[in-house]
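Thank you for making room for this on the agenda. I would like to go through one model with you, and I ask you to keep the sequence and the coordinates in view while I talk.

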Amino acid sequence: MITLAIFKPHCLKNPIAYETIQQMLTASGLKIIARKRISLSRPEAEKFYEEHKNKFFFRRLVSLMTSGPSEVVLLSGNDAIQQWRNLMGPTKVLKSVYLQPECIRSRFGLSDTRNATHGSDSEQSVIAEKSFFFGDRSD
């Protein structure tokens with residue numbers, strides 16, 4: 001099984017956060033099968049996060065995701081979607097600090113929008129997000 005992960009711009013700007021996340025990935029047993037650095041344009045970010053268009057945080061999220069390069073990776077492993085989501089921890093950073101203090105978002109998230117990483121939440125999301133960033137490659 002595969003999943004898609006994004007290391008958000010503020011995470012790439014912090015070499016300690018980036019390296020620690022790479023180490024956490026390696027220790028988890030998930031394998032990186034594709035990786036690319038991207039700089040999203042505003043229209044690309046708006047399209048990718050279209051499902052959040054009417055939510056209060058949409059503009060902040062688009063602004064963050066266009067503030068610098070991100071890294072998009074495809075991860076492979078047993079139950080990769082759930083395994084990556086467990087590594088990331090809860091979306092809300094304050095919740096992650098109390099419930100999973102060792103998770104990525106607890107350690108490197110700055111706010112609910114600047115929460116360090118993104119991960120597909122279902123097989124359907126993986127298909128759509130993989131296509132968005134990597135085209136129709138088969139993995």
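I will take the sheet, then the helices and cores, and then the salt bridges.

A word on the source before that: this is a predicted model, in which local features need pLDDT of at least 70 and side-chain atom pairs count only at pLDDT 80 or more, while totals for chains, interfaces and linings use all residues. Residues are numbered from 1 along each chain as its sequence is written, and side-chain values use heavy atoms, with hydrogens and water left out.

Let me begin with the sheet, where helices (H or I, at least four residues) and strands (E, at least two) are DSSP runs numbered from the N terminus, and where two strands pair if DSSP finds at least two bridges between them. The sheet is open and has 4 strands, in the order β2-β3-β1-β4, with antiparallel pairing. Because β2 and β4 stand at the edges with a single partner strand each, one side of each is left without a neighbour in the sheet. On average, neighbouring strands are turned by 20 degrees against each other, direction ignored; axes here are lines fitted to C-alpha atoms, for helices over the stretch in contact, and angles run from 0 to 180 degrees between N-to-C directions.

Strand β3 deserves some attention. With β1 it pairs in the antiparallel sense over 6 bridges, and two of the bridge partners can be named: Ile6 is matched with Val72 in β3, and Thr3 with Leu75 in β3. With β2 the antiparallel pairing runs over 7 bridges, and there Arg35 stands opposite Val73 in β3. Is β3 enclosed by the rest of the structure, or left open? Of its 7 residues 6 are buried, so β3 is largely enclosed by the rest of the structure, where buried means under 20% relative accessible area, exposed over 50%, and partly exposed in between, with a 1.4 Å probe and protein chains only.

Turning to the helices, α2 lies across β1, β2, β3 and β4 and runs at about 155 degrees to β2, whereas α5 lies across β1, β3 and β4 and runs at about 30 degrees to β1.

That brings me to the nonpolar cores, a core being a set of buried Ala, Val, Leu, Ile, Met, Phe, Trp, Tyr and Cys residues joined through side-chain atoms within 4.5 Å. The largest core has 19 residues, and of these Phe7, Trp84 and Ile104 touch the most other members. At least two residues of this core are supplied by each of β1 (2-7), α1 (9-12), α2 (15-28), β3, α5 and α7, and the largest share, 5 residues, comes from α2. If we take Ile104 and leave aside its neighbours within four places in sequence, its contacts (heavy atoms within 4.5 Å) include Ile21, Met24, Trp84 and Leu87. Apart from this core lies another, of 17 residues, among them Leu61, Met65, Leu74 and Phe133.

Finally, the charged side chains. The structure holds 3 salt bridges, a salt bridge being a side-chain nitrogen of Lys or Arg within 4 Å of a carboxyl oxygen of Asp or Glu.

Which residues are linked in a network of salt bridges? They are Arg35, Arg37 and Glu71. The side chains of Glu71 and Arg35 meet at 3.0 Å, N to O, and this pair links distant parts of the chain, with Glu71 in strand β3 (residues 70-76) and Arg35 in strand β2 (residues 31-38), 36 residues apart. Arg37 forms a salt bridge with Glu71 as well, the closest N and O atoms being 2.9 Å apart; Arg37 lies in β2 and Glu71 in β3, so this pair ties together parts that are 34 residues apart in sequence. Glu71 counts as buried, at 2% relative accessibility, whereas Arg35 is partly exposed, with a relative accessible area of 41%. The side chain of Glu71 also makes a polar contact with the side chain of Tyr18 at 2.7 Å, a polar contact being a pair of N or O atoms within 3.5 Å, of which, within protein, one must be able to donate a hydrogen and the other to accept it, and for which residues adjacent in sequence count only if both atoms are side-chain atoms.

Away from that network, Asp112 forms a salt bridge with Lys92, the closest N and O atoms being 3.7 Å apart. Asp112 counts as partly exposed, at 37% relative accessibility.
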